[in-house]
Amino acid sequence: MVVLLRNLQNVVPIRRARLRKDVETLKRILGVQRFDVGIVCVDNRKIQHINNIYRKKNMPTDVLSFPFYEDLRPGKLPCALHGDEYNLGDIFLGVEYVMQQCQERSWDFHGTLTVVAAHGICHLLGYRHETEEEWDEMFRKESYVLREFNRLTGSHLEPLTKRCTGDG
């Protein structure tokens, strides 16, 4: 299906075609290519507002995910019974926050955005990192997805998170 990508900020230039293509590749790797995903690019002010409302954390962050299937167990694919249920949910990318992190660490912005999107999609598929066990499971999944992405695209991406943080 489709990646619905909206850019609601004008702080950071976004290569939308590349991000859309990368997210389509991530969806194929995860076996959810038939499902829609909404990607919304926002600035620090907007992501901080959303983070404060939904997570009670009054600070900007890199990604927030809002799954269509709220009780999905990690590793289980959604069971869509009707056409309008082929939806994984929405991911808000804090592109200004990601850009700042990339500048501080000398990381590639577009590659990092793809990694953050992969993290967000894993959340849409039921992966969490509230406990060490959940984090290990999510880290293994992200590592697999990014290894496959690298194999298919010639990229050299790896997960950003090295330990359990409770964020995202």
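**Figure 1. The whole chain and its elements.** Helices (H or I, at least four residues) and strands (E, at least two) are taken here as DSSP runs, numbered from the N terminus. Counted this way, five helices and four strands make up the secondary structure of the chain in this predicted model. Starting at the N terminus, their order is β-α-β-α-β-β-α-α-α. The radius of gyration is 15 Å, close to the 15 Å given by the globule rule for 168 residues, so the chain is as compact as a globular protein of that length. Along the principal axes, the C-alpha atoms fill a box of roughly 40 × 40 × 30 Å. Buried residues account for 46% of the 168 in the chain. If we take contacts between residues at least 6 apart in sequence, 68% of them join residues at least 24 apart.

**Figure 2. Phe66 and Phe92, an aromatic pair between two strands.** Five aromatic pairs turn up when the whole structure is searched. In the one shown here, the ring centres of Phe66 and Phe92 are 5.7 Å apart and the planes meet at 85 degrees; since planes over 60 degrees apart count as edge-to-face, that is the class of this pair. Phe66 belongs to strand β3 (residues 63-67) and Phe92 to strand β4 (residues 87-94), so the pair ties together parts that lie 26 residues apart in sequence. Look at how the two rings are covered: Phe66 has a relative accessible area of 25% and is partly exposed, while Phe92, at 17%, is buried. Tyr54 joins Phe66 and Phe92 in one aromatic cluster.

**Figure 3. Phe68 and Tyr69, side by side in sequence.** This is another edge-to-face pair, because the planes of Phe68 and Tyr69 stand at 75 degrees, with the ring centres 5.0 Å apart. Phe68 counts as partly exposed, with 38% relative accessibility. Tyr69 is buried, its relative accessible area being 16%.

**Figure 4. Pro67 and its contacts.** Stay in strand β3 for this view, which is where Pro67 is found. The C-alpha atom of Pro67 is separated by 8.6 Å from that of Asn87, a residue 20 places away along the chain. Leaving aside residues up to four places away in sequence, Pro67 touches Leu88, Gly89, His123, Leu124 and Arg128.

**Figure 5. Asn51, a buried residue of helix α2.** Helix α2 covers residues 44-55 and includes Asn51. With a relative accessible area of 1%, Asn51 falls under the 20% cut-off and is therefore buried. What surrounds this side of the helix is worth tracing on screen. Not counting residues up to four places away in sequence, Asn51 is in contact with Lys56, Lys57, Met59, Thr61 and Leu64.

**Figure 6. The second largest pocket and its lining.** About 180 Å³ of space lies in this pocket. It is lined by 11 residues, of which Trp107, Thr112, Val115, Glu158 and Leu160 are the closest to its centre. Sorted by class, the lining of the second largest pocket is a mix of five nonpolar, three polar and three charged residues.

Conventions
Residues are numbered from 1 along each chain as its sequence is written. This is a predicted model: local features need pLDDT of at least 70, side-chain atom pairs count only at pLDDT 80 or more; totals for chains, interfaces and linings use all residues. Side-chain values use heavy atoms; hydrogens and water are left out. On a 1 Å grid over the protein atoms alone, a cavity is a set of points where a 1.4 Å probe fits but cannot get out, and a pocket is an open set with protein on both sides within 12 Å along at least five of seven lines; lining residues have an atom within 4 Å of a point. Grid points are joined across faces, edges and corners, and a volume is the space filled by probe spheres set on the points. Ala, Val, Leu, Ile, Met, Phe, Trp, Tyr, Cys and Pro count as nonpolar, Asp, Glu, Lys and Arg as charged, and the others, Gly among them, as polar. Rings of Phe, Tyr and Trp (its six-membered ring) pair if their centres lie within 6.5 Å; planes under 30 degrees apart count as stacked, over 60 as edge-to-face and the rest as tilted. Buried means under 20% relative accessible area, exposed over 50%, partly exposed in between (1.4 Å probe, protein chains only). The radius of gyration is taken over C-alpha atoms; the globule rule is 2.2 Å times the number of residues to the power 0.38. Contact means heavy atoms within 4.5 Å.
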